[in-house]
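Here is a short report for the bench. Keep the sequence and the 3D view open while reading.

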Amino acid sequence: MVGPTVIIDARAVRPLVACPDCQQPSSRIHSRYIRTPRDLPLSEQQVRLRLLVRRFFCSSPECRRRTFAERLPELLPAHAQRTSRFTQALQTLGFALGGRPAARTASKLRLPVSRMTCVRVLRASAQPAFPTPDVLGVDDFAFRKGHVYGTILVDLPQRRPIDLLPDRTAETFASWLREHPGISTIVRDRSTEYARGASEGAPQAQQVVDRWHLVVNFREALERLLTRRHAHRCALPPSQELKDQLAQRQQQPPRPLRQPSAKEATRRQARRAQRYARYEQVRALHDIGLPLTQIAKRLRISWTTARNFAYADTFPERAATKPRASQIDRFAAYLEQRWAEGCTNASQLWREVQERGYTGTRKQVARWAEHQRTQLAPTTPTKDRTHIGVTGGDKMSASTRLPRPRALVWVVLREVEQVEATEKLLLEHLRCDGMMANAHDLAQSFQAMVRQRQADQFDSWLQGCSDAEAVELKNFAASLRREESAIQAALTEVWSTGPVEGQITRLKSMKRQMYGRANFDLLRRRVLQAA
């Protein structure tokens with residue numbers, strides 16, 4: 001033993017050793033030398049072998065290798081500084097944890113190596129080979145969300161990933177399919193790139209659209225319709241019962257928000273003006289017939305934003321910030337009582353509620369008091385009086401505004417039996433608009449058709465959607481017609497991309513373990529090795 005390391009002396013005793021080139025056995029020893037590879041720890045001690053290795057003369061005159069060193073393949077590879085089992089332990093840690101976490105764990109297990117050594121061990125490992133699946137699931141994942149994407153391919157019957165592709169283009173996917181013939185079914189989302197890649201690379205395969213993505217796309221179409229009809233929907237006079245319920249819902253906020261200062265209000269107004277100008281630009285370009293893709297490229301905005309602006313009859317305002325719950329809510333009644341009695345000093349109020357069990361900060365009480373004020377406090381410094389916009393005194397009466405389209409679309413999609421009392425009133429209000437009544441009927445029949453796999457009703461539903469007055473539903477029906485066979489298969493086959501989404505979740509976990517430093521090669525090895 002030398003310090004914390006155990007030294008094990010060993011030597012080979014075989015009388016004959018075969019030449020690695022010509023395989024001719026030899027017993028003539030040329031020389032000897034010592035190799036000192038590292039081995040697995042022994043009883044909390046690091047282990048290093050001291051092997052006495054012999055070099056032999058090759059007995060074959062035709063062999064170009066005149067001398068050779070005896071090999072110990074069961075123990076360690078040629079020229080290696082670690083035994084095979086030491087390397088296998090590093091591979092196990094590396095595939096499970098990644099580079100830096102594996103190096104930290106290995107050091108605690110008495111296998112001290114650097115993180116780059118763990119990465120090199122991973123890259124040197126053999127890649128697993130998988131047979132071509134009969135049913136293939138495909139979906140994209142983000143290397144850098146919103147910018148760079150890749151593709152994951154999953155064997156659906158076995159529920160395991162079989163390959164990763166560096167992008168999500170049709171050409172790359174089609175090339176992979178040509179190299180792996182024999183796939184009979186391809187399950188995908190409604191991406192046009194994957195649809196084109198599947199048609200080019202495996203024209204004989206049956207394409208199946210995932211039902212969840214189908215419902216999501218229909219929800220998005222309904223949300224666009226609700227956004228476009230927002231002004232018309234708000235112009236419809238609500239019933240008195242609906243007014244009362246909306247007022248009751250909005251009279252009970254968890255906590256009033258802090259009123260914006262004059263500077264904050266000015267910045268908000270400037271951002272709204274900038275967004276409104278962009279909305280006017282999109283509408284003008286769309287009116288002259290410019291495609292949405294070119295509008296987005298010209299104005300340097302996303303295609304989704306261009307579409308939302310183009311199809312909105314009125315300017316889509318941003319949703320108001322929701323009030324948040326706070327521990328001060330339990331003391332609101334006492335604070336209101338003391339405020340009515342004339343105590344408007346935030347510090348005094350904070351000390352009083354502290355005696356009653358309040359554990360929050362003074363700043364929260366001061367914000368509550370700021371919201372109640374109709375004029376500046378006497379102790380407000382002179383330098384701050386021109387920068388503080390006091391608007392808290394004019395408390396808004398209970399608003400009867402309808403929920404925003406993102407929340408209202410779920411009322412349209414939810415089954416009628418599951419709609420709550422307030423939602424029923426909202427639904428009745430929506431159905432006063434003939435276009436929305438038709439959209440609600442189509443939504444209910446679409447949900448039932450997808451959930452119950454009623455493929456025989458697809459043609460009639462599609463025709464009804466095409467005949468609808470709403471342009472969003474017409475466009476959705478036109479997109480379904482372009483892949484009608486894949487939609488029909490979705491309503492009859494049992495396959496979905498659910499297992500693919502699960503593998504993507506596992507892939508994201510691996511990426512986070514590697515702190516975003518895993519390139520495509522290393523990430524692919526880890527994902528496939530763990531399959």
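How much area does the protein chain expose, and what share of it do carbon and sulfur atoms supply? The exposed area is about 29,900 Å², and carbon and sulfur atoms supply 50% of it. This is a predicted model.

**The chain overall**

The protein chain holds 22 helices and 12 strands. Of its 531 residues, 41% are buried. Contacts with a separation of 6 or more were also counted: 61% of them in the protein chain join residues 24 or more positions apart.

**A five-stranded sheet**

One open sheet has five strands in the order E10-E9-E8-E11-E12. Its pairing is mixed. Strand E10 (160-165) and strand E12 (206-209) are the edge strands, and each pairs on one side only. Neighbouring strands of the sheet are turned by 30 degrees against each other on average, direction ignored.

Strand E8 is mostly covered, with seven of its 10 residues buried. E8 pairs with E9 in the antiparallel sense, while E8 and E11 run parallel. The table lists three pairings, each with one bridge as a landmark.

| Strand pair | Direction | Bridges | One bridge pair |
|---|---|---|---|
| E8 and E9 | antiparallel | eight | Ala142 (E8) and Tyr149 (E9) |
| E8 and E11 | parallel | three | Val135 (E8) and Thr185 (E11) |
| E9 and E10 | antiparallel | five | Ile152 (E9) and Leu164 (E10) |

E8 and E9 form a hairpin with three residues between them. Gly146 sits in that turn and has a positive phi of about 85 degrees.

**Helices against the sheet**

Helix H4 (residues 170-179) lies across E8, E9, E10 and E11. H4 runs at about 125 degrees to E10.

Helix H5 spans residues 192-201. Which residues of H5 are buried? They are Tyr194, Ala195, Gly197, Ala198 and Gly201. These residues cover an arc of only 165 degrees around the axis, so they lie on the same side of H5. The spacing fits a general rule. An α-helix has 3.6 residues a turn, so residues three or four places apart point the same way.

What covers the buried residues of H5? The cover includes strands E8, E9, E11 and E12, together with helix H4. At the start of H5, a side-chain oxygen of Ser191 reaches to within 3.3 Å of the backbone nitrogen of Glu193.

**Two positive phi values outside glycine**

Glu44 has a positive phi, near 65 degrees, and is a residue other than glycine. Where does Glu44 lie? Glu44 is in the loop between strand E5 (38-42) and strand E6 (45-57). Is Glu44 buried or exposed? Its relative accessible area is 56%, so Glu44 is exposed; the cut-off for exposed is over 50%.

Arg159 is the other case described here. Arg159 is not a glycine, yet its phi is positive, at about 55 degrees. Arg159 lies in the loop between E9 and E10. That loop links two strands that run antiparallel. Arg159 counts as exposed because its relative accessibility is 56%.

**Back to the model**

Start with E8 when inspecting the sheet: seven of its 10 residues are buried. Then turn to H5 and look at the side that holds Tyr194, Ala195, Gly197, Ala198 and Gly201. Finish at the loops that hold Glu44 and Arg159.

Note on methods. Residues numbered from 1 in each chain as written. Predicted model: local features only at pLDDT ≥ 70, side-chain atom pairs only at ≥ 80, totals over all residues. Heavy atoms only, no water. Pairing = 2+ DSSP bridges. Helix = DSSP H or I, 4+ residues; strand = E, 2+ residues; numbered from the N terminus. Axes fitted to C-alpha atoms, helices over the stretch in contact; angles between N-to-C directions. Contact = heavy atoms within 4.5 Å. Buried < 20%, exposed > 50% of the residue type's maximum accessible area, 1.4 Å probe, protein only. Areas by Shrake-Rupley, 256 points an atom, 1.4 Å probe, with all protein chains shown as cover. Arc of directions from axis to C-beta. Polar contact = N/O pair within 3.5 Å; in protein donor to acceptor, adjacent residues only side chain to side chain.
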